[in-house]
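Student: Please give me a close look at how the helices meet in this model. Define your words as you go, since I am new here.

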Amino acid sequence: MRILYFDGFAGISGDMVVGALIDAGVAFATLQVELAKLGLTGYDLNVSKVKRAGFAATKFEVTVDDAKQPARALVEIREMIAQSDLSESVKNTSIRIFEKLGEAEARVHGATLDHVHFHEVGAVDSIIDIVGAAIGFAMLGVEKIICSSLRVGFGSIIAAHGVMPVPAPGTAELLRDIPIFAGDREGEFVTPTGAAIIATLCESFGAMPEMRIEKIGYGAGSRDPHGFPNALRIMLGEIKTAEVDAPKIMVIETNIDDMNPQACGFVMEKALQLGALDVFFTPVQMKKDRPAVLLTVLCEVDKFEALTNLILTETTTLGIRYGEMKRRTLERFFETVETEYGVVKIKVAHQNKRLFNFQPEYDDCAKLANEKNVPLIAVQQAAIAAYREKKRN
């Protein structure tokens, strides 16, 4: 799978995204031809090589004749893009980003989506940045986008509505559920257009995954502060599908040395009822040479709060440790076989039609062993032999 990784150590803006895409190989001449399909006038595009704290980067600039540019409503921008000769994928990506922007602006200003009028983000330069980014992603064949935590900065800025805190209200809305940090430098490091691109297209956030890098691009920001590389870095490459699509689970742990052992079974049962994927206790030795147990609970992300509350309520622990991990599992299904002792279900594990292993269901085997008064292992071996014979036939 071809992925694009955004390294937002210096934040992100629309022009930084386009600059980084050009730096990574998007042909500027082709980009100009595609953008002309919007039918916009009163602007010029410029690309230049610059340095940011000694690092070479590409600066993408849109020069606009402000006297000819009105503030546009979402419906106008959507119609402009839809009626253009751009590819359908570029149209869809661009419209999705603008709709995400519109939703954020509507929440901030208490308006409906259809009545939102953009100011900075409705100007020609923002339209060019967003549509240009969509064109660049398509030209590079990007299938999935992943992003690091984003530096947002701090302080205040002057916008169309006056003095605004950093991040600006619309930007903050777009950054919901996205990992961010202020950093140690004052100023705005994430713009609404940059935030909208990330909020719309990024499917996961965090450290760079294991990948084979093919291209790297640096998109320069407008400022050039001393000693700080104000640029967005992108990395384009291939990643195994199993790695990028691996489902994530939460791992919750706590050490317990002062609880009645009878409560362990109760906690396990309740945790499984609440949706835990697995619960287990491991003997450990704690400080002062006390014997104890390590309680570990595996769960899906949306079950984390409920299971954390259970552990803090039903055990004597004073705190927990937790983290997110990836999980890879085999597909499973059941088949049945006929044995001399009766019918037994077989759990079969496979992936991509390849058989990995199979096991007779314990409960079925135990029930037949008791009913027929034979050893459990005899029933299990009979079920395994019956399944192998079934596969041969």
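Tutor: What follows goes through three helix pairs, with a few single residues along the way.

First, the ground rules. The model is predicted, so local features need pLDDT of at least 70, side-chain atom pairs count only at pLDDT 80 or more, and totals for chains, interfaces and linings use all residues. Residues are numbered from 1 along each chain as its sequence is written, and side-chain values use heavy atoms, with hydrogens and water left out.

Helices are DSSP runs of H or I with at least four residues, strands are runs of E with at least two, and both are numbered from the N terminus.

Start with helix H1 (residues 14–23) and helix H5 (residues 124–139). Their axes come within 9 Å and cross at roughly 30°. An axis is a line fitted to C-alpha atoms, for helices over the stretch in contact, and angles run from 0 to 180 degrees between N-to-C directions. H1 and H5 are therefore roughly parallel. The classes are these: under 35 degrees is roughly parallel, over 145 roughly antiparallel, 65 to 115 roughly perpendicular, and the rest oblique. H1 passes H5 in a left-handed crossing. Left-handed means that the near helix is turned anticlockwise from the far one by less than a right angle; clockwise makes it right-handed.

Which residues touch? From H1 come Gly14, Asp15, Val17, Val18 and Leu21; from H5 come Asp129, Gly132, Ala133, Gly136 and Phe137. This contact of H1 with H5 holds five nonpolar, three polar and two charged residues. Contact means heavy atoms within 4.5 Å. Ala, Val, Leu, Ile, Met, Phe, Trp, Tyr, Cys and Pro count as nonpolar, Asp, Glu, Lys and Arg as charged, and the others, Gly among them, as polar.

Stay in H5 for a moment, where Val131 sits. Val131 counts as buried, at 0% relative accessibility. Buried means under 20% relative accessible area, exposed over 50%, and partly exposed in between, with a 1.4 Å probe and protein chains only. Beyond its neighbours within four places in sequence, Val131 touches Leu35, Leu38, Ile81, Leu86, Val90 and Ser94. From Val131 to Phe98 it is 33 residues in sequence and 9.6 Å between C-alpha atoms.

Next, helix H9 (residues 262–273) and helix H10 (residues 304–314). Their axes come within 10 Å and cross at roughly 160°, so H9 and H10 are roughly antiparallel. H9 passes H10 in a right-handed crossing. Phe266, Val267, Lys270 and Ala271 of H9 meet Leu307, Leu310 and Glu314 of H10. The contact of H9 with H10 has five nonpolar, no polar and two charged residues.

Last, helix H11 (residues 362–372) and helix H12 (376–392). The axes of H11 and H12 come within 8 Å and cross at roughly 125°. That makes H11 oblique to H12. The crossing of H11 past H12 is right-handed. Tyr362, Cys365, Ala366, Leu368 and Ala369 in H11 meet Leu376, Val379 and Gln380 in H12. By class, the H11 and H12 contact has seven nonpolar, one polar and no charged residues.

H11 has buried residues too: Asp364, Cys365, Ala366, Leu368 and Ala369. Their cover includes strand S19 (342–351), strand S20 (354–360) and H12. After H11 comes Asn373, with a positive phi near 55°.
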